[in-house]
Amino acid sequence: MTQTGRKMRLSALGAAEGGELRPAGADPQITGLCVDSREMQAGALFAALPGSTVHGAEFIPFALRMGAAAVLTDAAGAALAGPLPVPVIVHPDPRRALAKAAAAWFGAQPEVMVAVTGTSGKTSVASFTRQIWQALGFRSVNFGTAGVEGSVQASLSLTTPEPITLHRLLARLAGEGVSHAAMEASSHGLEQRRLDGVRLAAGAFTNLSRDHLDYHDGLDDYLAAKLGLFDRVLPRGAAAVINADDPVAPVVGHVAQGRGQRVITVGRAEAANIRIEASAFTAEGQRLQFRHQGRVHRADLALIGGFQGANALMAAGLVIGCGAEPDAVFAALPGLAGVRGRMQLVGRRANGAAVYVDYAHKPAALVAALTALRPHVAGRIVCVFGAGGDRDRGKRPLMGAAVAAHADVAIVTDDNPRSEDPASIRAAILAACPEASEIGDRAEAILAGVDALQPGDALLIAGKGHETGQIVAGDVLPFDDTEQARAAIAVLDREEAAT
Ligand SMILES: Nc1ncnc2c1ncn2[C@@H]1O[C@H](COP(=O)(O)OP(=O)(O)OP(=O)(O)O)[C@@H](O)[C@H]1O
Ligand SMILES: [Mg+2]
């Protein structure tokens, strides 16, 4: 609910565009926007949106009792509500209309905004984009799964906030002098039109692989949701930065070109605009050689994992797409810091073995993380991982198979079991990873993983990344993989030094 003491005419919200206002010409003063009738305040516009289980129109009577000045809904909602004593906007896409209204209500947004979509890499690309902008002297943020980071910090409950929260945040950021912002566009957020009111200068597509099939009706539906960034949200003339190495890149490129967007491709593909020609890996990072506009560039990145090198160049593509000078952008690459909980080196044993924390919690991300780690590791890769409860169950055996194929030693443990029986989740993973050992207690599993490390080995603790809590049966128990790993290193090295 927005309640700022301000007033605006219903017409000024632009919510009726593309819809039907009943009665025609009605234009009451509006004192705020509301989607949750429990937060309803007198004079607000109540958005009665279709939900996956109930239609918001069920709550119109209550919203009216609380003083709603007008209602926004769809044809089904209007039919459900019947004749109303206040003006109604009947819109074929009420979620998009609400996003537009929220943009009008809050007004201000950071001048230059970009959005990143894709199954994996959104947080990383958004963070690298922000870091490059900061290196160029702009007051900047990135926001999504890990909250708001950069020149302003704040926590967020959703990777892509719902429109009222989103535009309240954008107005606050603009008010605090933030001129540049990179946001994550999740498939849920795009499908629900949450960022349709954001004025974007550029958008990026990282990759597509199996995920969220508990929400989307198959991979095509999932792709369609992501394409929404290019075929609906991003305006004509904006830059569309596309990972040229992903199998669906041609589809994304075709949609973006069809909408008159400037396509910038990044990757190893022959025709890529920013083309990775070579990469060399060390224990600390990688050296990238890439070509742009006929010139060869080299950059030493303190980032682990080839895909983080590609993510960094995607970010460079976004900043160049927003008008920055390429050489200045590329000069900022060596200064990029790794993203919290993404292939993050959190410590080393006294014997030199490295311990990494990563957020990979999808089959393709696990394959990517393990294969990307391999060139940085002389010895064995030990992997501690699990899978989340109340989420896409079909991906569990795929995650087991991924680790069985790409790690030398595997330990299956609990991630966020939520309301599910942890043992049954582990069993589904173990079915495809029979060599693995099973240790349900995550702290114990991390200790066992650290204990297994010989000189030259590396441990990858996957799945929770930056998270600082473990969700078990409705409770969020404090748990931080980085902290646990560091404690395990300290205890085991002390014990070893004592013997
Ligand atoms: N370009 C990439 N290709 C493949 N895997 C990647 C890529 N970038 C990151 N990953 C993997 O995905 C994990 C999550 O990365 P990141 O947080 O940047 O992605 P995300 O899209 O924001 O994920 P989420 O949807 O969970 O917010 C990383 O820890 C890494 O294992
Ligand atoms: Mg993310």
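Gly 465 is found in the loop between strand 23 (458-462) and strand 24 (469-472). Helices (H or I, at least four residues) and strands (E, at least two) are DSSP runs, numbered from the N terminus. The model is predicted: local features need pLDDT of at least 70, side-chain atom pairs count only at pLDDT 80 or more, and totals for chains, interfaces and linings use all residues. Residues are numbered from 1 along each chain as its sequence is written, ligands are numbered from 1 in the order in which they are written, and side-chain values use heavy atoms, with hydrogens and water left out.

Gly 465 has a relative accessible area of 2% and is buried. Buried means under 20% relative accessible area, exposed over 50%, and partly exposed in between (1.4 Å probe, protein chains only). Gly 341 lies 124 residues away along the chain, yet the C-alpha atoms of Gly 465 and Gly 341 are separated by 3.7 Å. Neighbours within four places in sequence aside, Gly 465 is in contact with Gly 341, Val 357, Asp 358, Tyr 359 and Asp 481. Contact means heavy atoms within 4.5 Å.

Val 357 is also a partner of Thr 482. Thr 482 belongs to helix 15 (residues 481-498). Its relative accessible area is 11%, so Thr 482 is buried. Gln 344 and Val 346 are further contacts of Thr 482, again leaving aside neighbours within four places in sequence.

Leu 370 sits in helix 11 (residues 363-373). With 1% relative accessibility, Leu 370 counts as buried. Beyond four places in sequence, Leu 370 is in contact with Ile 381, Cys 383, Ala 402, Val 403, His 406, Ala 407 and Leu 460. The C-alpha atoms of Leu 370 and Ala 462 are separated by 9.7 Å, and the two residues are 92 apart along the chain.

Helix 5 (residues 163-175) holds His 167. The relative accessible area of His 167 is 1%, so this residue is buried. Not counting residues up to four places away in sequence, His 167 touches Ala 99, Ala 102, Ala 103, Phe 106, Gln 109, Gly 197 and Val 198.

The magnesium ion (ligand 2) is coordinated by Thr 123 (OG1), Thr 145 (OG1) and Glu 184 (OE), at 2.0 to 2.2 Å. Along the chain, these donors follow the spacing T-x21-T-x38-E. Thr 145 and Glu 184 are 39 residues apart and link distant parts of the chain: Thr 145 is in the loop between strand 9 (140-144) and strand 10 (147-150), Glu 184 in strand 11 (residues 180-184). Thr 145 is partly exposed, at 24% relative accessibility. Glu 184, at 2%, is buried. Donors are N, O and S atoms within 2.8 Å of the metal (3.2 Å for Na, K and Ca); water is not among the atoms, so sites may look incomplete.

The protein as a whole has 15 helices and 25 strands. Its C-alpha trace spans about 80 × 55 × 40 Å along the principal axes. The radius of gyration is 24 Å, which agrees with the value near 23 Å for a compact globule of 499 residues. This radius is taken over C-alpha atoms, and the globule rule is 2.2 Å times the number of residues to the power 0.38. Buried residues make up 55% of the 499. Of contacts between residues at least 6 apart in sequence, 67% join residues at least 24 apart.
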